[in-house]
Amino acid sequence: MSLIRVEIPFHLRTLTKIEGREVTVEVTPPVTIGSVLDAVEAKYPVLRGTIRDHVSLKRRPFLRFYVCEEDWSNLPADTPLPEAILTGQEPFAIIGAIAGGW
Amino acid sequence: MSSVRVLVGTKKGAFILTADGARKNWKVSEPHFVGWEVYHVKGSPVEPNRIFASQTSGWFGQIIQRSDDGGKTWNPPGGGGGTNEMGFPMGESNKFVYEGEVGKHLFYDGTQHPWEFKRVWHLEPSLTNPDECYAGVEDAALFKTTDGGHTWNELPALRHTKGELWQPGAGGMGLHTILLDKTNPNRIWVAISAAGVFRTEDGGKSWKPATKGLNMQYELPDKSNEVGHCVHRIAMHPSRPNVLFMQKHWDVNRSDNAGDNWTEVSGNLPSDFGFPIDVHAHEPNTIYVVPIKSDSEHYPPDAKLRVYRSKTGGNEWEALTKGLPQEHCYVNVLRDAMAVDSLDQCGIYFGTTGGQVYCSPDGGDNWQCLVHDLPGVLSVEVQTLK
């Protein structure tokens, strides 16, 4: 079991009423993009559908996933996360795209 | 002592405005759901402290929120399914999944396009059961909860009513109006841009278009002209469910037979384009619209914000201006942004894209601005509390 740090965007923090920028979730290996998101949604069920589509589990278009400052948004859900994430040195970052809006 | 609670949805959150029955001194809440678009907020007529809200975002999707204390506190109503070990609700209150095969509708380019859920435009709580509520969504469909918002299920027969010929308006293909008949729980009307009006007599098992008689400037994709109309809003007085009023993309219409036939009643309006339409709480033949210059210029004619009232059910209209800006006004009033209270002297309310909320406590004769710097107003509802 790995303890994974996950950075949550502002609007989802207010929705879940969590304090701070990050949450920590327990993930059973293999630790992948998909298994981390599964763990986040299991711990905070209100987030189901807000990060990934309810049915297709596709990433919502204006959210991005960053790993060690690299954009992993378009990698497959079963992509393993690196050691820095597994050890808690870096968070898995869910970022609201910095783009447009009103 | 009676009081009123005005529920305002805006582009950046929801606000609750309260006053006693005199409606002179108003209290404006802090914003709820800060930074999210709130398309609609509406309370149960059975339990007024139960309020549903549609919180939505192009980034994060759809959230349904519910308050059981008159809007003081809110939670996604998933609690019916229990909570997890951390105390967070386990429900699926945000899950809107089309029933069965998704199907396709007509797209802008003339091709068939799959239905894609985007957001909830309108919430219509049941007239009899506080756990029941309808939701009109984009892409257009009708959903219903029977468990207080814990789960939502589609009434799919609606989309099978020539759905292949429905197409989005410029604002999307939204189901924006849901009218419930208090004399017949199986009868519901819905309106969709740009598909038209549909009526069910069997609680949603089957539907038929209710658009006969509506004007058309151009040929519609449906050669029978039953669907494809850009209806902006319909309204009725609860005591007279066979009489419907409609603000269409162009022209105001009336039906005296539950939507079977429509007649234009635009009369002497300075423009028959607009979005909202509503009915006086105690005078079923008194109706209100807010004319907008045109579909190309979404602001009031002559830059004067005027509500128009007809006491004859249409055709003869009078401008109501006292207390409303009569120069340099370039706001719009959206389709869900007008409501009436049911106090003895009926109050009329509307919100603007400029963030103002106005109230007339005397049926439209005099207006006051309750608050003037909110984010753009998407919806206004009012609850009359005894």
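## Unusual backbone geometry in chains A and B

B:Ala194 is found in the loop of chain B that joins strand E14 (188–193) to strand E15 (196–200); helices (H or I, at least four residues) and strands (E, at least two) are DSSP runs, numbered from the N terminus. This is a predicted model, in which local features need pLDDT of at least 70, side-chain atom pairs count only at pLDDT 80 or more, and totals for chains, interfaces and linings use all residues. Residues are numbered from 1 along each chain as its sequence is written, while chains are lettered from A and ligands numbered from 1 in the order in which they are written.

The peptide bond that leads into B:Ala194 from B:Ser193 is cis, its omega being near -5 degrees. A cis peptide bond also runs from B:Glu138 to B:Asp139, with omega near -5 degrees. B:Asp139 belongs to the loop of chain B between strand E10 (133–138) and strand E11 (141–145).

Attention now turns to phi. Although A:Leu57 is not a glycine, its phi is positive; B:Asn225 likewise has a positive phi without being a glycine. The table gives the values.

| Residue | Phi | Other C-beta atoms within 10 Å |
|---|---|---|
| A:Leu57 | about 60 degrees | 14 |
| B:Asn225 | about 65 degrees | 17 |

A:Leu57 is placed in the loop of chain A between helix H2 (33–43) and strand E3 (63–67). B:Asn225 lies in the loop of chain B between strand E16 (208–209) and strand E17 (231–236).

Are these residues buried or exposed? A residue is buried if 20 or more other C-beta atoms (placed from the backbone) lie within 10 Å of its own, exposed if 12 or fewer, and partly exposed in between. A:Leu57 is partly exposed because 14 other C-beta atoms lie within 10 Å. B:Asn225 is partly exposed because 17 other C-beta atoms lie within 10 Å.
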